[in-house]
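Hi,

Here is the structure I said I would pass on. Have a look at it, and then read my notes below.

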Amino acid sequence: MVGGMETVTHGEVLARFGHALSDPTRARLLLALRDGPGYPAELAVLLGATRQNLSNHLACLRGCGLVVAASEGRRTRYELADTRIRHALDDLLGLVLAVDPAACPDAADQDCC
């Protein structure tokens, strides 16, 4: 601990990001949110997930610091916590496709994975 705060290593930060991406539903959720904010009910339909399951994944992504929630009356809007996350997802997807094009048979469609 430094100055009363726990020191987090770069490796731990990357591992947390990796944990968020390790689940296909969470990865698809992040990819959906990179295009703009979303609401749980709409995201659940888009991803073919139950609202409860989606809620659990959103809680995980919030815990990882990757998404934030904003109350709008009776609804909650979710979005990426920082615009750099969108860029990081784009870069990571591009890297994966460059290193292993077979990972995505239709590489022309960047959202196919």
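Let me start with a cysteine: Cys64 is buried, at 12% relative accessible area. Buried here means under 20% relative accessible area, exposed means over 50%, and partly exposed is in between (1.4 Å probe, protein chains only). Before going further, note that this is a predicted model, where local features need pLDDT of at least 70 and side-chain atom pairs count only at pLDDT 80 or more, while totals for chains, interfaces and linings use all residues. Residues are numbered from 1 along each chain as its sequence is written, and side-chain values use heavy atoms, with hydrogens and water left out.

Back to the cysteines. How many disulfides does the structure hold? Zero, where a disulfide would be a pair of cysteine sulfur atoms within 2.5 Å. For Cys64, the closest cysteine sulfur is in Cys60, 4.3 Å away, and that is too far for a bond. Cys60 is buried too, with 18% relative accessibility.

Next, the inside. The largest nonpolar core (buried Ala, Val, Leu, Ile, Met, Phe, Trp, Tyr and Cys residues joined through side-chain atoms within 4.5 Å) has 20 residues. Those with the most contacts inside this core are Leu29, Leu30, Leu33, Leu54, Leu61, Leu66 and Val67. Two or more core residues come from each of helix 1 (10–21), helix 2 (24–34), helix 3 (40–47), helix 4 (51–63), strand 2 (75–80) and helix 5. Those elements are DSSP runs numbered from the N terminus: helices are H or I with at least four residues, strands are E with at least two. If you want one residue to click on, try Leu29: setting aside neighbours within four places in sequence, Leu29 is in contact (heavy atoms within 4.5 Å) with Leu43, Leu47, Leu54, His57, Leu58 and Leu61.

Now for the charged side chains. Side chains of opposite charge can pair when their charged atoms come close. The count here is seven salt bridges, each one a side-chain nitrogen of Lys or Arg within 4 Å of a carboxyl oxygen of Asp or Glu. One of them joins Arg34 and Asp90, at 2.9 Å from N to O. Arg34 lies in helix 2 and Asp90 in helix 5, so this pair ties together parts that are 56 residues apart in sequence. Arg34 is buried, at 10% relative accessible area, whereas Asp90 is partly exposed at 31%. Another salt bridge pairs Arg77 with Glu72 at 2.2 Å, N to O, and Glu72 is partly exposed at 31% relative accessibility. Asp82 and Arg84 also meet in a salt bridge, at 2.9 Å from N to O; Asp82 is partly exposed at 28% and Arg84 is exposed at 61%. Salt bridges with shared partners also join Arg34, Asp35, Arg86 and Asp90 into one network.

Last, helix 5, which covers residues 83–99. Ala88 lies in helix 5 and is partly exposed, with 32% relative accessible area. The C-alpha atoms of Ala88 and Arg34 are 9.9 Å apart, although 54 residues separate the two along the chain. Val96 is in helix 5 as well, partly exposed at 37%. With Leu92, Leu95 and Val99, Val96 forms a nonpolar surface patch of about 350 Å² accessible area together. Patches take residues with over 30% relative accessible area and no salt bridge, joining like charges within 9 Å and nonpolar side chains (Val, Leu, Ile, Met, Phe, Trp, Tyr) within 5 Å. The areas come from the Shrake-Rupley method with a 1.4 Å probe, and for residues only the protein chains shown count as cover.

Cheers
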